[in-house]
Amino acid sequence: MSQFPRFRRALFGLAALGSVLTAVPAQAQGDLLVAPTRVVMNGGGSAEVVLSNIGSAPATYRITVELRRMDAEGDFSDVAEESANAVERAALDMIRYAPRRITLLPGQPQAVRISARPAPDLPDGEYRVHMGFRAIPAAMTPEEAAKEAAAGGLSIRLTPVYGITIPVFVRKGRLEASAALANPRFVKDGEQTFVELDMSRTGQRSVFGMVEGKTARGEAVFQQRGIAIYPEVTQRKLRVPVTPEQQAKLTGPIRIEYRELPENGGQLIAEVTSAIR
Amino acid sequence: MRNSLRLAVVGAALSAISFASAANAAATATATATAEVLDTLSLAADSALDFGQIAANTGGTVTVGSDGNASKTGTLVSTGTRAPAGFTVTGSAGATVLVSLPDTSAGPVVLSLNDPSWDVGVQGPLPTMELDSFESDITDVALSATTGQGTFKVGGTLTVGSAQHPGVYNGTFDVSVEYQ
């Protein structure tokens, strides 16, 4: 990218136009915390998610239910309600939640109640929505707008609407799933090295857990938590960033394990022992 | 008041505790209290996406990259501090979250002139500017194995029209961190 020295560009701007005006950075408001980070309801039922305002100003949050699809890279894509398939449609229809809008003082938490009642004639399976928590940006007061407009020139007020989504699962019936790992390898993206891995899944539900890489002597070299394979994919890739020090230890046969999280029992889901190339 | 107890603890310690087995404990008369520490995920905005100062001239684009590099096209003048938006994610140590940015394949984010006195009948359509090509320095944030924190930055491209009408332009764009 060609970069003029900044002062030269500034001088040119002032000399040529004389109407350079300040952009107003948006105020950081609406920082938030959500717990827990995933909800599983077996056969329906109810659950609570706590939303807390961790910012320094009061904020109003909007709670939404959205659809996502996982792709073969392990990334999410948005699914608009009108292009939902039958399973996604059923998930949207069975989830109830309240409230949908919460105003919180700094440090104040509030619970959002979620309930789900799958229809008796619904096929067994895993139904999932993603619950979104986002702050609604405070509107500029007419006085502020008038003041900025009176200054003339071009001013930009760009407000990020930022938030968190967590998956909410409803499982109906006895669902089984298993997974496998294959083909661990090193890949580079820019300066960063990753261990890349093919993960595959069979069965009627998602799998979720942590991936850990150990040397032949049993030393844990890398670990990544919160890795899911959703039912809409049978395969996904996983990339775990590793430092040069970690990479140096990853020689010879490496055992890579995919386990449930310790708090869910820590059961082994899949493993592969292989040299990483 | 199980809920209020739970919420009070969340507020104080940023983790929720519930006495899930209270009913069992009562039935068996054995005082077993189970504390369930829930995983938390938080997101804080550290800095705003700033396109600096712009004089429209005959228009062009200003791009602020997530790497902090700024560039422009066209005859507009772009000066001042230009910086990407910065966010901090805090969650369980070693966890991974995805970053979602506005999908502008269906259309850009539109910033509109904030002028309540604008008369569409006389002055024509309300002036707008467009924001697209959002990108972040990382799409999968791996939270630190020790602190549980990760950061990411978001940049984009602003398109300014020829003789863009002066005034305050408002717009919002969505950024989400998504737990799997």
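The following exercises, each with a worked solution, concern a predicted model.

**Exercise 1. Confidence**

Determine what pLDDT chain B averages and where in chain B pLDDT stays under 50.

Solution.
Step 1. The average pLDDT of chain B is 80, and 79% of its residues score at least 70.
Step 2. The stretch with pLDDT under 50 covers residues 1-30 of chain B. For these residues the model has 45 contacts beyond four places in sequence.
Step 3. The scores of the model are ipTM 0.80 and pTM 0.81.

**Exercise 2. The two domains of chain A**

State which domains are assigned to chain A, and describe how domain 1 of chain A meets domain 2 of chain A.

Solution.
Step 1. The domain assignment places residues 22-172 of chain A in domain 1 and residues 177-275 in domain 2.
Step 2. Between the C-alpha centres of domain 1 and domain 2 of chain A there are 29 Å.
Step 3. On the domain 1 side, ten residues are in contact with eleven residues of domain 2 of chain A.
Step 4. At least two residues of the side of domain 1 that touches domain 2 come from β4 (59-70) of chain A, and at least two from β9 (125-136) of chain A.
Step 5. By residue class, this side of domain 1 of chain A comprises six charged, two polar and two nonpolar residues.

**Exercise 3. A sheet of three strands**

Establish the strand order of the open sheet that contains β12 of chain A, and identify its edge strands.

Solution.
Step 1. The order is β11-β12-β15 (chain A), with antiparallel pairing.
Step 2. β11 (177-189) and β15 (235-242) of chain A each pair on one side only, and these are the edge strands.
Step 3. With direction ignored, neighbouring strands of this sheet are turned by 25° against each other on average.
Step 4. Eleven bridges join β11(A) to β12 (residues 192-203) of chain A in the antiparallel sense. Opposite A:Gln192 in β12(A) stands A:Asp189.

**Exercise 4. The surroundings of A:Leu122**

Decide whether A:Leu122 is buried, exposed or partly exposed, and locate this residue in chain A.

Solution.
Step 1. A:Leu122 belongs to the loop between β8 (109-116) and β9 of chain A.
Step 2. Within 10 Å of A:Leu122 there are 18 other C-beta atoms. A buried residue needs 20 or more, and an exposed one has 12 or fewer; A:Leu122 is therefore partly exposed.
Step 3. Leaving aside residues up to four places away in sequence, A:Leu122 touches A:Ala90 and A:Lys172.
Step 4. From A:Leu122 to A:Ile166 the separation is 44 residues in sequence and 24 Å in space, C-alpha to C-alpha.

Notes
Residues numbered from 1 in each chain as written. Chains lettered and ligands numbered in written order. Predicted model: local features only at pLDDT ≥ 70, side-chain atom pairs only at ≥ 80, totals over all residues. pLDDT = per-residue confidence, 0-100. Contact = placed C-beta atoms within 7 Å. Domains from an automatic or database assignment. Helix = DSSP H or I, 4+ residues; strand = E, 2+ residues; numbered from the N terminus. Nonpolar A, V, L, I, M, F, W, Y, C, P; charged D, E, K, R; others polar. Pairing = 2+ DSSP bridges. Axes fitted to C-alpha atoms, helices over the stretch in contact; angles between N-to-C directions.
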